[in-house]
Amino acid sequence: AFNAAVQLMVNQGPSSAQDVVTIAADCFGNSLNAIFVVGIACGVESKTNYLDVLVSKNVSFYNAAWYGTAENGEYSITNRATANIPTSSFLLQYFNQPPDWPTENPNWLIENTNTVKRLTAKPKVHVGNILSGDYLVDNKDFKEQLLEKFSPEAIGIEMEGAGLYHEYRSHNYEILVIKAVCDFGDGKKNKEYQPTAALLAAECL
């Protein structure tokens with residue numbers, strides 16, 4: 001059994017995530033051992049589908065990069081350094097299998113068709129590398145460059161995991177990022193899948 005506390009993030013992004021963890025560390029002190037970051041992410045089309053759940057085996061940050069113009073005049077990203085948070089095998093052992101979700105219309109899913117989409121198939125859980133950084137990615141070329149330069153094997157991209165690197169280095173907390181796919185960062189971002197994706201990610205806990 002675990003003692004757990006839930007903290008809602010009012011804003012998105014690394015700085016907000018770091019603020020929340022700092023508050024939790026002040027409140028719980030040495031009792032704080034593990035941090036779970038739950039929410040939504042953009043997936044990689046070739047590896048994931050809408051509403052699939054992404055679980056971090058490793059979180060890589062793309063902030064340490066040079067963003068500029070290449071000799072041919074095109075936008076370019078150069079990886080200057082990659083920081084990582086590995087997920088421990090202790091945490092991962094609980095997330096290698098998806099929860100026991102019904103195939104259709106699970107009873108825990110809020111039945112409001114205006115904000116939450118009904119499931120037509122059982123979501124898949126993917127365990128792998130997740131990219132994280134400051135940018136809300138919604139450009140196909142930019143996303144593909146991030147993946148190429150920082151983590152070709154990544155299964156998704158999100159923003160909050162990057163905010164935990166300082167706390168991870170300072171306190172050696174166990175950290176796990178759990179996000180469900182709401183879009184693919186390809187210029188077609190909208191909020192259609194966001195409520196359902198957030199519920200699915202939370203259900204993993």
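**Exercise 1.** In this predicted model, determine which side chain makes a polar contact with the side chain of D183, and decide whether D183 is buried or exposed.

*Solution.* Begin with the side chain of D183, whose polar contact is with the side chain of K189, at 2.8 Å. A polar atom of the D183 side chain also lies 2.9 Å from the backbone nitrogen of G185. Next, place the residue: D183 belongs to strand β8, which covers residues 174–183. Its relative accessible area is 4%, and because buried means under 20%, D183 counts as buried. Finally, with neighbours within four places in sequence left aside, the residues in contact with D183 are A41, C42, G43, Y50 and K189.

**Exercise 2.** Describe the largest nonpolar core and identify which element gives the most to this core.

*Solution.* The largest nonpolar core has 22 residues, and those with the most contacts inside it are I35, L54, I85, L164, Y173 and I175. At least two residues of this core come from each of α1 (14–28), β1 (34–43), β2 (53–61) and β8, with α1 giving the most, namely four residues. A second, separate core has 15 residues, including V53, L92, C182 and C204. Returning to L54, its contacts beyond four places in sequence include A41, H126, I155 and V181.

**Exercise 3.** Find the residue that caps the N-terminal end of α3, and list the buried residues of this helix.

*Solution.* The cap is N139, which has a side-chain oxygen 3.1 Å from the backbone nitrogen of D141. Within α3, which spans residues 140–150, the buried residues are F142, K143, Q145, L146, L147 and F150.

Conventions. Residues are numbered from 1 along each chain as its sequence is written. This is a predicted model: local features need pLDDT of at least 70, side-chain atom pairs count only at pLDDT 80 or more; totals for chains, interfaces and linings use all residues. Side-chain values use heavy atoms; hydrogens and water are left out. Buried means under 20% relative accessible area, exposed over 50%, partly exposed in between (1.4 Å probe, protein chains only). A polar contact is a pair of N or O atoms within 3.5 Å; within protein, one must be able to donate a hydrogen and the other to accept it, and residues adjacent in sequence count only if both atoms are side-chain atoms. Contact means heavy atoms within 4.5 Å. A nonpolar core is a set of buried Ala, Val, Leu, Ile, Met, Phe, Trp, Tyr and Cys residues joined through side-chain atoms within 4.5 Å.
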